[in-house]
Amino acid sequence: MDEKYFPEQIENKWQQQWAEAGVFEAKENDPREKFYALEMLPYPSGFLHMGHVRNYSIGDALAWFKRLQGLNVLHPIGWDSFGQPAEQAAIKRGVNPREWTETNIAHMRGQLQRLGISYDWSREIAAHRPDYYKWDQWFFLKMLERGLAYKKNSQVNWCPKEETVLSNEQSSGGICWRCGTQVEKRDLEQWFLRITNYAEQLVADIRQIEAGWPEKVLKRQRDWVGRSEGAFIDFQIKDSDKKIRVFTTRIDTIYGATAIVMSAEHPLLDEILEGSTLKADIDAFATKVAQERAARVDEAEEEKEGLNTGVLAINPFSGETLPVWVANYVLMEYGTGAVMSVPGHDERDFEFAQKYSLPIRQVIAPVSHDQIQAEPVPTTAGDASAEMRHSFTDYGVLINSGEWGGKLSEVAVKEMADYAKAHGFGEAAVTYRIRDWGVSRQRFWGAPVPVIYCSNCGTVPVPYEQLPVVLPPTAAFTGTGESPLAGVPEFVNTTCPNCDAPARRDTDTMDTFVDSSWYFFRYVDARNENAPFNPELTRQWTPVDQYIGGDSHAVMHLIYTRFWTKFMRDLGLVDFDEPVKRLLTQGMVTNLVEGTDEWKAMSKSLGNGVDPDEMIAAFGADATRLFVLFAAPVENELRWSESGIEGAVRFLRRVYTMVWRWHERLSNGSREAGASEFSADARALRRKTHQTIAKITSDFEHLHLNTSVAALMELFNQLSDFNGDPAQASESDVFAVREALEALVIMLAPFAPHIAEEMWQGLGHAGGLLTDARRWPDADPELARREELEIPIQVNGKLRSRVIAPPGVSEDELRESALADERVRALIDGREVVKVIVVPERLVNVVIR
């Protein structure tokens, strides 16, 4: 150990030693309890930014903590290396996407290694390499066999800038998730995966993870799946055999329906408007709605618009004829694409009815507790057409509802659905907002769809033994929107595996979210050439114990990976429902935008990025990591501050200097406390040491990392107050200092591992911190207890004095001490003591009058 702290020298030394010893490589034959720590894998854009550093530092701190606790930790890394940016780079710069990607991976790998992140590099994967995407294709064929993959003509979300198809999740709000361009609608033949088959499980299985996932993420998942319980009801078109099926969650309000409102995209419109003089107007309105919807960012801001089609439909309960409208607020993606408009009991319908002067009718009345207990309840409440100032959306009692009047909503909902089923015009139903996942992309840089088209045999899956279908070395990137693979004859032209006739390959590639839906599992068996992974190994390592990443993936990656895991379960590859036990969504790292006072997420385009390599060169990897973990709670935004990182350097240097000051005495001195009594200062130091161990151990279980660093600083301050010459210190003082310093160094390791290793060695320990099965210290509850308590004494709720008492003091003893206190006695002299309230070991309140 050198006297001076030189970060670069120390960090290079330990990174080399770790790599040579393979200390971060997880072993399958290790009998210890496992822990799988994982951060969302990066896209190899070329450079890490401080948001990456924060993400990976959080995960690495946890991985170090678990290793020091004696667990067998799997902490892998890989590259989400397919995707549009590489293809755009090829178009703009004339470079090969493969070369661009590999160059970026090499640079970013070096950055991660310079940060000292404790990854098991022996398990590194990259989605763009055939040994990985072979298994994307294998899974696709398995889904095709089971009817979960299918192709159909569909109106798709098209990004004109990226020139590719987007899933519904990737175009939420009519905006491309990657570039922010307004999305258009196009009709294309596309491959889809039936994620809707798993919609109910995606909602129901949330109960298995709700204790470990942020509620904000689970809410977005519930909202995206959009499970609704209700009923299908068929409204017969007057003078026609056609029916409009609606979905409603409030069949109890059906007597209040004053119109049927259809989506402008509803396929039945062409049929019911055949020969109508209004058809051209309706078609123009539908076109206008589609254009506005593609351009709109926030559906809540949309003004409701509609047109009367001139068609009438018959309410199957009341027999009343209702006008059929089309409107922009009814979505084809939800329910059946048609609703019954009940303005008296739905806010959107109320707004629409007011705008277009549609009738508003009350058919549900509020019901009191007494009415619930008594039968019958009133069935009418005045004129059903009486003016309503707002919609009444709660459950209540049915009024103006024919034979159903007087029933409570909860009862009527079930009975009316049963009635509809018995009479053949409806049934109880559950619907979902989520739609099947469109995975076709018109790109070169993705996993090819493993399908062949033969004029004799039709659509033919590529045989498993012919996987992977390998991308050609390059293609012409025209930027026209057609897949570049279509222009590579040696890729497209093939023979049919069934009849040997000339055939053509599918030229689409798969959505890159396919790659990231199952990569957790490939890490456990990354070099398997015969299967995606060995199920025995997944049973050992998975599910992931802690997953860390941004909440921007809440309704894309995190839904897709849950779906993929359930499919793998159905294949018998895993034996659980959910891939991740605990999820942390860390906050963004922001910086001032140059020339403004705005704090925004770091970005090259905004000019507010900070290069981690520059921070490492100037301050060291340990200080960089320590700062991003200390500056804010991990879930919160972190505002970048160079002065903050300078403070981290000063703290590490002070700790290092203290270890140097004591290292000779601690290296040569006895490790026993000796026979002498501990001094008051030594007892206080030991107490603080064990309090800090207890706090940081608890904090790590909740990833309260910033408060852990604060606790380390407090312990260091206590050590700094322990004055004395190490050479003259008693054996008991040396014991207390050794206990504190060794605990401080071990607990600092998750945050600043290089300097911790160096100081551990300086304290006389051979090998590194991870050479023993368990290093993390245990807190002694007795030693952590305070030797004395300062108890506040109140009189009539106002603080008047304090008394000193030992831990464990009884209530009677506290009561006597309080009443004997001189200040209290002066206040109660001549007054009646009504009562004495004692909060054990916390507070005494004397009530007088």
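Colleague: Which order do strands 19, 20, 21 and 22 take in their open sheet, and is the pairing parallel or antiparallel?
Modeller: The order is 20-19-22-21, and the pairing is antiparallel. Strands here are DSSP runs of E with at least two residues, helices are runs of H or I with at least four, and both are numbered from the N terminus. This is a predicted model, in which local features need pLDDT of at least 70 and side-chain atom pairs count only at pLDDT 80 or more, whereas totals for chains, interfaces and linings use all residues. Residues are numbered from 1 along each chain as its sequence is written, and side-chain values use heavy atoms, with hydrogens and water left out.

Colleague: What makes strand 20 and strand 21 edge strands?
Modeller: Strand 20 (458-461) and strand 21 (493-495) each pair on one side only. From one strand to the next, the twist averages 40°, the axes being lines fitted to C-alpha atoms (for helices over the stretch in contact) and angles running from 0 to 180 degrees between N-to-C directions.

Colleague: How do you know that strand 19 and strand 22 pair?
Modeller: Three bridges join strand 19 (residues 451-454) to strand 22 (residues 502-505); pairing requires that DSSP finds at least two bridges, so these strands qualify. Within strand 22, Arg504 is the bridge partner of Tyr453.

Colleague: What is the order of the open sheet that contains strands 5, 6, 7 and 17, and which strands stand at its edges?
Modeller: That open sheet has the order 6-5-7-17, with antiparallel pairing. Strand 6 (164-166) and strand 17 (437-438) have a single partner strand each, so one side of each is left without a neighbour in the sheet. Strand 5 (residues 149-159) is joined to strand 6 by three bridges, and Trp158 has Val165 in strand 6 as its bridge partner. Helix 5 (residues 130-145) lies across strand 5 and strand 7, at about 85° to strand 7.

Colleague: Why is the pair of Tyr198 and Phe563 called edge-to-face?
Modeller: A pair of aromatic rings is described by the distance of the centres and the angle of the planes. Rings of Phe, Tyr and Trp (its six-membered ring) pair if their centres lie within 6.5 Å; planes under 30 degrees apart count as stacked, over 60 as edge-to-face and the rest as tilted. The centres of Tyr198 and Phe563 are 5.4 Å apart and the planes stand at 70°, so the pair is edge-to-face. Tyr198 lies in the loop between strand 7 (184-193) and helix 6 (199-204) and Phe563 in helix 17 (residues 557-571), so the pair ties together parts that are 365 residues apart in sequence. Both residues also belong to one aromatic cluster, whose members include Trp135, Trp437 and Trp564.

Colleague: What makes the pair of Phe700 and Phe751 tilted?
Modeller: With 5.6 Å centre to centre and 40° between the planes, Phe700 and Phe751 fit neither the stacked nor the edge-to-face class, so the pair is tilted. The search of the whole structure finds 48 aromatic pairs.

Colleague: Why does Phe700 count as buried, and why does Asp611 count as partly exposed?
Modeller: Buried means under 20% relative accessible area, exposed over 50%, and partly exposed in between (1.4 Å probe, protein chains only). Phe700 has 2% relative accessibility and is therefore buried, and Phe751, at 0%, is buried as well. Asp611 has 26%, so it is partly exposed. Asp611 is found in the loop between strand 27 (599-601) and helix 18 (612-619). From Asp611 to His49 there are 562 residues in sequence, and 6.0 Å in space, C-alpha to C-alpha.

Colleague: How do you know that the side chains of His75 and Glu39 make a polar contact?
Modeller: A polar contact is a pair of N or O atoms within 3.5 Å; within protein, one must be able to donate a hydrogen and the other to accept it, and residues adjacent in sequence count only if both atoms are side-chain atoms. The side chains of His75 and Glu39 are joined at 2.7 Å, so the distance lies within the limit. His75 is in the loop between strand 2 (72-74) and strand 3 (78-79), and at 0% relative accessibility His75 counts as buried.

Colleague: What makes Arg433 a charge over the ring of Trp224?
Modeller: A charge sits over a ring if NZ of Lys or CZ of Arg is within 6 Å of the ring centre and within 35 degrees of the ring normal. Arg433 lies over the face of Trp224 at 4.3 Å from the ring centre, so the distance satisfies the limit.

Methods
Contact means heavy atoms within 4.5 Å.
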